[in-house]
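Dear colleague,

I am handing over the structure below, and I would be glad if you could look through it alongside the notes that follow.

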Amino acid sequence: MTREMSPRRNFLRGSLLFAMLAAFTSALTFSSALHAQTWPSKPIKIIVPFPAGGSTDNVGRLLGVELGKLLNQIVIIENKGGANGNIGADQVAKSAPDGYTLLISGVGSNAINYSLYNKMPFSDKDFVHVSLLATGPNVLAANPDFPAKTFKEFIALAKANPGKYANASSGSGSSGHLAMEMVKQAAGIDVLHIPYKGGAAAITDVIGGQIPLLFINQDNALPQVQAGKLRALAVASLERNPAYPDTPTIAESGYPGFSAVSWFGLSAPAGTPKEIIQKLNDATVKAMNMPDVKSRLQSVGFVVVAGTPAQFTDFVTAEIVKWGKAAKASGAKLD
């Protein structure tokens with residue numbers, strides 16, 4: 001009798017376990033949906049993975065003010081610098097996926113760093129990307145006395161004098177450093193790289209004539225270009241930049257498709273409910289397209305590019321590959 005009942009008992013046990021699992025899954029789904037409906041019910045924290053006062057911080061604070069208005073909730077900006085953005089990004093990657101801890105992601109912490117560090121504390125799979133916010137091109141600028149007055153003249157001069165000229169950047173592995181590596185690969189030239197600890201010191205030495213060239217973010221170079229202390233030879237975006245209307249792109253100067261831009265986005269921990277991501281995206285797109293936000297960013301050369309989560313995710317994936325190739329060619333490592 002016992003043997004005859006055993007299969008039935010196993011069936012009943014299996015059915016009971018299946019029912020319990022289904023109920024648990026249903027409860028989780030209901031809880032997630034309810035949470036998404038009531039979000040946000042408390043202050044939202046946006047981590048800026050760099051010190052206050054820089055471009056990333058400025059973009060984050062502009063967004064935070066507008067998100068607070070649109071979501072009718074307090075938005076707190078917290079600066080968490082260190083390790084080229086890795087410390088702040090890692091904090092977000094390991095935060096609860098509930099929509100209350102977000103990241104101002106960027107080209108360094110969420111694209112370039114994957115190829116610069118032998119061991120990263122997080123991967124791109126640890127994030128869900130909400131929206132691209134803005135982009136800004138790297139600018140190739142020169143001391144006004146540099147003999148090449150255009151990008152094409154610079155390439156011709158560099159080809160005729162391999163290894164003679166030096167290019168400054170804000171640091172090893174920076175977007176400016178790797179942008180020149182992309183130019184070197186595309187044009188077949190040899191230019192010496194001189195890394196500085198920050199853009200200000202690099203700009204000072206190029207203005208002073210110690211180094212002839214500089215590849216750096218457009219907002220850092222803009223005041224000196226406008227003052228005539230630096231000459232912009234080219235911008236590294238696909239289209240001309242509104243703050244540099246008379247400066248040609250590298251793409252139009254003989255290298256179609258060339259692009260090396262810095263960018264800022266909004267990202268959240270992986271697992272954040274889709275409903276919350278959509279609410280965040282809707283508010284973010286509205287915020288970034290506010291006339292005051294757009295005009296303030298455009299005045300220093302940033303281009304607002306707010307879009308869908310899918311578009312930003314595809315963009316980040318492509319950026320990781322592109323900058324990874326440049327980092328490998330440069331040999332730069334930050335470990």
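In this predicted model, the axes of helix H2 (residues 55–71) and helix H9 (residues 274–288) come within 9 Å and cross at roughly 120 degrees. Angles of 65 to 115 degrees count as roughly perpendicular and those over 145 as roughly antiparallel, and H2 and H9 are therefore oblique to each other. Their crossing is right-handed. On the H2 side the contact is made by Leu-63, Glu-66, Leu-67, Leu-70 and Leu-71, while H9 contributes Leu-280, Ala-283, Thr-284, Lys-286, Ala-287 and Met-288. Sorted by class, this contact comprises eight nonpolar residues, one polar residue and two charged ones.

Turning to the interior, the largest nonpolar core has 48 residues, and those with the most contacts inside it are Phe-151, Phe-154, Val-183 and Ile-250. At least two residues of this core come from each of several elements, including helix H3 (86–93), strand S4 (127–142), helix H5 (151–160), strand S8 (231–235) and helix H11 (309–330); the most is given by H6, with six residues. A second, separate core of 31 residues includes Val-59, Leu-67, Ile-77 and Leu-133, and Leu-67 is also one of the H2 residues that make the contact with H9.

Returning to Phe-154, and leaving aside residues up to four places away in sequence, one finds that this side chain's residue touches Leu-140, Phe-146, Ala-148, Met-180, Ile-189, Val-191, Leu-213 and Leu-233.

With best regards

Technical notes: Residues numbered from 1 in each chain as written. Predicted model: local features only at pLDDT ≥ 70, side-chain atom pairs only at ≥ 80, totals over all residues. Heavy atoms only, no water. Axes fitted to C-alpha atoms, helices over the stretch in contact; angles between N-to-C directions. Helix = DSSP H or I, 4+ residues; strand = E, 2+ residues; numbered from the N terminus. Parallel < 35°, antiparallel > 145°, perpendicular 65-115°, else oblique. Left-handed = near helix turned anticlockwise from the far one by under 90°. Contact = heavy atoms within 4.5 Å. Nonpolar A, V, L, I, M, F, W, Y, C, P; charged D, E, K, R; others polar. Core = buried A, V, L, I, M, F, W, Y, C linked by side-chain atoms within 4.5 Å. Buried < 20%, exposed > 50% of the residue type's maximum accessible area, 1.4 Å probe, protein only.
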